[in-house]
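The exercises below ask you to read a structural model step by step. Try each task with the sequence and the structure before you, and then compare your reasoning with the worked solution.

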Amino acid sequence: MVSRKYLEKSKNPHPHIGQMILKFLFEKKITQADLARRLNVSPSTMASYFRQPSIQFGILWNIGIALDHDFLTELTNYYPSDFIFNAKSKLVEELRNKTQQLADLEKEIAIYKKALGIKE
C-alpha cells in the first residue's frame, strides 16, 4: 500500500474535497450525471472523484468552471481561524463583500421604488 502523507491526520486536517463538491451539487440540485456530462467524463469517474478526500487541482478547476463556482475561495473557509492571509487576499475579500453589499442595497432600492410607484 502506498503511504500518502497528505492523508494522515494532522492538527489542521484538510476538508474532504469530494464531499464539499457533493454538498454544492445537492444544494444546487445538480445531479452527478449532469456534472459528468458537462466535464465529458463517465459517471463512474465522477463518482470516484467524490470518494476522494483530495482532488488534483486541474480536476477541481474544471469542476469549478463547469459549475460556475469558486471552490478555491470556498476552501479558505476551512483554514484555521488564526490563519493570516496575505494583504492582497484580504483586500480582494473586502472588495467582494462591499460589492455584495452594494448589490443587496440596489435590490432593496428597486423594491422601495416599485412599492412607491417610482419609475426610472
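**Exercise 1: The nonpolar core**

In this predicted model, the largest nonpolar core has 17 residues, and those that touch the most other members are Ile 21, Leu 25, Leu 35, Ile 63, Leu 67 and Phe 71. Work out which helices supply at least two residues of this core, and which helix gives the largest share.

*Solution.* Begin with the helices that contribute: helix 1 (17-28), helix 2 (32-39), helix 3 (43-51) and helix 4 (57-67) each supply at least two residues of the core. Next, look for the largest share, which is five residues and comes from helix 1. Finally, follow one member outwards: leaving out residues up to four places away in sequence, Ile 63 touches Ile 21, Leu 35, Leu 39, Tyr 49 and Phe 71.

**Exercise 2: The chain as a whole**

Describe the make-up of the chain, asking how many helices and strands the chain has and what percentage of its residues count as buried.

*Solution.* Counting the elements gives six helices and zero strands, and read from the N terminus their order is α-α-α-α-α-α. The chain has 120 residues, of which 18% count as buried. For the contacts, take those between residues at least 6 apart in sequence: 59% of them join residues at least 24 apart.

**Exercise 3: The two sides of helix 4**

Find which residues of helix 4 are buried, and explain why they lie on the same side of the helix.

*Solution.* The first step is to list the buried residues of helix 4, which are Ile 59, Leu 60, Ile 63, Gly 64 and Leu 67. Because these residues cover an arc of only 135 degrees around the axis, they are on the same side of helix 4. A general point helps here: an α-helix has 3.6 residues a turn, so residues three or four places apart point the same way. The second step is to ask what the buried residues pack against, and the partners are helix 1, helix 2, helix 3 and helix 5. The last step is to turn to the face directed away from the buried side, where the exposed residues Phe 57 and Ile 65 are found.

**Exercise 4: Two residues with positive phi**

Examine Asn 40 and Asp 68, and state where Asn 40 is placed and where Asp 68 lies.

*Solution.* As background, most residues other than glycine have a negative phi. Asn 40 is not a glycine, yet its phi is positive, at about 60 degrees. Asn 40 sits in the loop between helix 2 and helix 3, and with a relative accessibility of 72% it counts as exposed. Asp 68, which follows helix 4, also has a positive phi without being a glycine, with a value near 55 degrees. Asp 68 belongs to the loop between helix 4 and helix 5, and its relative accessibility of 73% makes it exposed.

**Exercise 5: Salt bridges, and a buried charge without one**

Identify the two salt bridges of the model, and then determine which side chain of opposite charge is nearest to the buried Glu 74.

*Solution.* Start with Lys 23 and Glu 27, whose side chains form a salt bridge with an N to O distance of 3.7 Å. Lys 23 and Glu 27 are four residues apart in helix 1, so about one helical turn separates them. Glu 27 is partly exposed, its relative accessible area being 48%.

The other salt bridge joins Arg 38 and Asp 34, with the closest N and O atoms 2.9 Å apart. Arg 38 and Asp 34 are four residues apart in helix 2, so they too are separated by about one helical turn. Arg 38 is partly exposed at 41% relative accessible area, and Asp 34 is partly exposed at 22%.

Now consider Glu 74, which lies in helix 5 (residues 71-75). The cut-off for buried is under 20% relative accessible area, so Glu 74, at 19%, is buried. The nearest side chain of opposite charge is that of Lys 23, 5.6 Å away, whereas a salt bridge requires the atoms to be within 4 Å; Glu 74 therefore has no salt bridge. The side chain of Glu 74 does make a polar contact with the side chain of His 69, at 2.6 Å. Setting aside neighbours within four places in sequence, Glu 74 is in contact with Met 20 and His 69. Glu 74 and Met 20 are 54 residues apart in sequence, and their C-alpha atoms are 9.2 Å apart in space.

Definitions and conventions: Residues numbered from 1 in each chain as written. Predicted model: local features only at pLDDT ≥ 70, side-chain atom pairs only at ≥ 80, totals over all residues. Heavy atoms only, no water. Buried < 20%, exposed > 50% of the residue type's maximum accessible area, 1.4 Å probe, protein only. Lys, Arg positive; Asp, Glu negative; His and termini not counted. Polar contact = N/O pair within 3.5 Å; in protein donor to acceptor, adjacent residues only side chain to side chain. Contact = heavy atoms within 4.5 Å. Core = buried A, V, L, I, M, F, W, Y, C linked by side-chain atoms within 4.5 Å. Arc of directions from axis to C-beta.
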